[in-house]
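Student: I should like to practise reasoning from structural values to the terms that describe them. May we look at an example together?

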Amino acid sequence: MDDAKTPEELAAEVTALRKRLADLSSQLAAAGDCGGLFAENEEKYRSLFETSTQGILIYEYGGTIQMVNTAMTALLGAKGPEEIVGRTYLEFVHPDDREGSAARIETAFRNASAKTGEIDRNHVTLPVREHRLIDVAGNIVNVESTAVAFQLQGRTYLQGIYSDISERIRARESLKQSEERYRSIIENIEDGYFEVDTAGRLTFFNEPLRRIFDYPREDLLGMSNKTYCSPESLSKIYRAFNAMFTTGAPVKVIDYEIFRRDGEVRHLEVSASLIRNNDGKITGFRGIARDMTEHHKEEEEREKLKGQLQQAQKMEAIGTLAGGIAHDFNNLLMAILGNVSLMRLDMDHLHPHHERLLQIEKQVVSGADLTKRLLGFARGGRYEIKPVNINDVIDKTAAMFGRTKKEITIHTKFARDIATVEVDQGQIEQVLMNLYVNAWQAMPAGGELYLETRNVDMTEGDVAHFKVKPGRYVRISVTDTGVGMDGKTKERIFDPFFTTKEMGKGTGLGLAMVYGIVTGHEGVINVYSEPGQGATFSIYLPASRKEIVREKVVTAEPVKGSETVLVVDDEKSVLEVSKDMLETLGYRVYVAGSGQEAVATYAEKKDKIDLVILDLIMPGISGEETFDRLREIDPEVRVLLSSGYTINTQAQRIMDRGCRGFMQKPFHVRDLSRKLREVLDG
């Protein structure tokens with residue numbers, strides 16, 4: 001087919017056609033006048049004329065068509081030459097092409113008329129051109145033609161040779177439509193399309209690719225990939241190109257980083273293949289570039305959230321272990337502190353063992369403080385929950401801290417309409433003081449400490465990985481201008497016993513306790529920090545609509561009583577010391593070593609028992625189940641919970657169902673006396 005011919009083949013065909021035309025024209029010109037053009041050697045020339053596969057016609061200047069061959073008759077759709085001969089040539093030219101054809105013919109005839117000399121030199125050959133004819137039925141015929149104008153016996157003629165190129169035109173239009181369709185597809189796809197030469201210079205690209213790179217089209221065309229690639233990405237794409245050279249197979253580059261004109265990094269996914277010329281030689285590469293930057297950010301965010309979830313799960317597991325250890329340790333301390341506090345009640349300060357007992361008591365209190373930190377980290381719960389104004393708590397703790405750390409300048413920015421939060425104020429004060437100290441240690445030469453509060457709304461997405469509910473929160477921000485932290489330190493900052501300090505300079509429980517207390521309050525804590533850029537700890541606590549409760553002032557001396565108390569605890573040592581403490585304070589005491597025994601004792605002596613001190617964690621039936629059974633016997637039973645844990649989820653459920661109070665082990669006889677009166681007199 002014509003559409004399969006190369007430009008070189010078409011040029012050769014035209015050259016051959018011109019030679020044949022020139023030979024024919026010379027022979028015809030030598031044959032005599034038009035009326036007897038084949039008078040001499042008639043058979044020879046008529047055979048040449050009639051057997052030509054190209055259409056041939058002879059047209060007299062200013063007159064009509066004189067002769068047509070069989071091929072021309074067929075090309076114009078005529079049944080015979082009589083339908084063509086005698087008509088003017090321009091009748092068969094497409095109306096849109098007539099003006100141009102008439103001008104060409106006029107010029108050719110004029111030039112031919114001006115020729116003088118030998119007969120084979122007085123003709124003018126017109127160049128090959130494409131145009132349209134109209135056949136006898138009115139159909140358009142696309143032709144490629146050349147012609148010779150010549151003089152013969154004082155008259156001027158034009159001899160034309162025509163080839164039907166309708167198939168070529170259709171193929172060309174089809175190719176053009178295909179190219180337009182291809183270009184339309186390329187320009188309208190969302191992804192970037194590109195072509196580069198073997199040196200990596202852009203030779204073609206679509207508009208989406210230009211938008212990805214954000215360069216003007218004229219700047220991007222011809223730009224080398226060395227201009228917009230990092231060395232790592234350049235190495236990556238060259239390895240891909242080399243692989244294509246070697247195997248010939250397409251390749252995919254998953255994360256190809258490029259720099260836009262403004263310096264912003266974009267992450268692309270590139271699929272590329274080879275470009276070959278007609279000889280099969282590799283001339284470049286083409287491919288599709290998909291902008292995966294947002295997907296890349298989402299993946300990073302997912303990995304970050306995954307890490308946070310794993311961190312939370314790890315902290316929860318470690319917290320459970322730490323809480324169990326702290327609970328058992330508190331039971332041991334309870335026996336020691338209870339006995340020591342009883343011994344000191346009636347001991348004169350001049351007694352030789354007074355100071356020793358005082359030191360034992362101080363060490364027990366220190367041990368209890370350590371377990372308190374472990375329980376704080378372990379989300380062991382809260383002590384006394386009440387609505388507070390967090391601005392007041394921060395103001396109070398910041399003032400205390402500022403008095404001892406003069407080298408730190410404290411700045412506060414509190415929201416005036418800050419919402420109330422329901423917290424254990426003592427624990428939150430511990431959280432804040434730990435964060436202040438952590439900031440001070442990060443600023444050994446002094447610095448700035450910024451404290452800010454704000455009301456915020458947390459969405460489902462914000463809290464998805466923190467096991468808290470969306471809604472209204474109070475945000476507390478503690479920002480320092482210290483040395484900052486690297487990524488590895490941030491990952492472990494809340495781990496128990498992790499510290500960046502020298503051996504013996506820190507326990508590594510401060511921030512672990514902070515984490516436990518905040519999460520125990522159903523809150524969220526996170527940290528943002530970069531080396532040399534300081535750090536910001538952000539705490540989110542659920543907002544409350546309850547009114548603020550002011551603290552009560554309590555007396556320091558033990559308060560005695562005369563009521564009857566049932567003590568329930570599975571630890572024999574705790575049971576014994578609790579009984580001694582109560583009797584020393586003037587109370588009558590029954591004891592029970594299990595939940596089952598407690599229920600039986602209360603069912604028998606409920607009219608005599610004024611208060612039950614109930615251990616929360618016991619084998620057999622738990623403290624919670626024991627509480628429910630006691631309520632079945634007497635809905636008005638007064639129960640004071642006691643546990644080596646703080647107020648955790650289980651304890652809170654009991655408190656919410658009518659329990660009168662809570663005491664964490666170990667407790668001093670003074671604390672026990674005040675709590676008893678609070679419950680019994682309340």
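Student: Is Glu522 buried, partly exposed or exposed, and what makes it so?

Tutor: Before we begin, please note that this is a predicted model. Exposed means a relative accessible area over 50%. Glu522 has 52%, so the residue is called exposed.

Student: Where does Glu522 lie, and what is noted about its phi?

Tutor: Glu522 sits in the loop between α16 (510–520) and β16 (524–529). Its phi is positive, about 60 degrees, although the residue is not a glycine. Most residues other than glycine have a negative phi.

Student: Which value decides how Asp214 is classed?

Tutor: The relative accessibility of Asp214 is 23%. Partly exposed covers the range between the 20% and 50% cut-offs, so Asp214 counts as partly exposed. Asp214 lies in the loop between α6 (207–213) and α7 (217–220), and this residue, although not a glycine, also has a positive phi of about 60 degrees.

Student: How do you know that the span of helix α17 agrees with what is expected?

Tutor: Helix α17 has 13 residues, 572–584. The expected span is 1.5 Å times one less than the number of residues, which gives 18 Å for α17. The end C-alpha atoms of α17 are 18 Å apart, so the two values agree.

Student: Which residues of α17 are called buried?

Tutor: They are Val574, Leu575, Val577, Ser578, Met581 and Leu582. Just after α17, Gly586 takes a positive phi of about 100 degrees.

Student: What makes the contact between Glu583 and Lys579 a salt bridge?

Tutor: The cut-off is 4 Å between a side-chain nitrogen of Lys or Arg and a carboxyl oxygen of Asp or Glu. For Glu583 and Lys579 the N to O distance is 2.6 Å, and the pair is counted as a salt bridge. The two residues are 4 residues apart in helix α17, so about one helical turn separates them. Glu583 is partly exposed at 38% relative accessibility, and Lys579 is partly exposed at 27%.

Student: How many salt bridges are found in the whole structure?

Tutor: The search finds 35. Among them is the pair of Arg168 and Glu144, with 3.1 Å from N to O. This pair links distant parts of the chain: Arg168 belongs to helix α5 (residues 166–188) and Glu144 to strand β4 (residues 140–152), 24 residues apart.

Student: Are Arg168 and Glu144 buried or exposed, and how do you know?

Tutor: Buried requires a relative accessible area under 20%. Arg168 has 7%, so it is buried. Glu144 has 10%, so it is buried as well.

Student: Why are β19 and β22 said to stand at the edges of their sheet?

Tutor: The open sheet concerned has 5 strands in the order β19-β18-β20-β21-β22, with parallel pairing. β19 (588–592) and β22 (661–664) each have a single partner strand, so one side of each is left without a neighbour in the sheet. Neighbouring strands of this sheet are turned by 20 degrees against each other on average, direction ignored.

Student: What makes β18 and β19 a pair?

Tutor: Two strands pair if at least two bridges are found between them. Strand β18 (residues 564–568) and β19 are joined by 5 bridges and run parallel. Val567 has Val591 in β19 as its bridge partner. Helix α17 lies across β18, β19 and β20 (611–615), at about 170 degrees to β19.

Student: Which strands stand at the edges of the antiparallel sheet of 5 strands, and why?

Tutor: The order in that open sheet is β7-β6-β10-β9-β8. Its edges are β7 (202–205) and β8 (251–259); each has a single partner strand, so one side of each lacks a neighbour in the sheet. Within this sheet, β9 (residues 265–276) and β10 (residues 282–291) pair in the antiparallel sense over 9 bridges, and Val270 stands opposite Ala289 in β10.

Student: How many disulfides does the structure hold, and how are Cys229 and Cys659 classed?

Tutor: The structure holds 0 disulfides. The relative accessibility of Cys229 is 9%, so this residue counts as buried. Cys659, at 8%, is buried too.

Terms used. Residues are numbered from 1 along each chain as its sequence is written. This is a predicted model: local features need pLDDT of at least 70, side-chain atom pairs count only at pLDDT 80 or more; totals for chains, interfaces and linings use all residues. Side-chain values use heavy atoms; hydrogens and water are left out. Buried means under 20% relative accessible area, exposed over 50%, partly exposed in between (1.4 Å probe, protein chains only). Axes are lines fitted to C-alpha atoms, for helices over the stretch in contact, and angles run from 0 to 180 degrees between N-to-C directions. Contact means heavy atoms within 4.5 Å. A disulfide is a pair of cysteine sulfur atoms within 2.5 Å.
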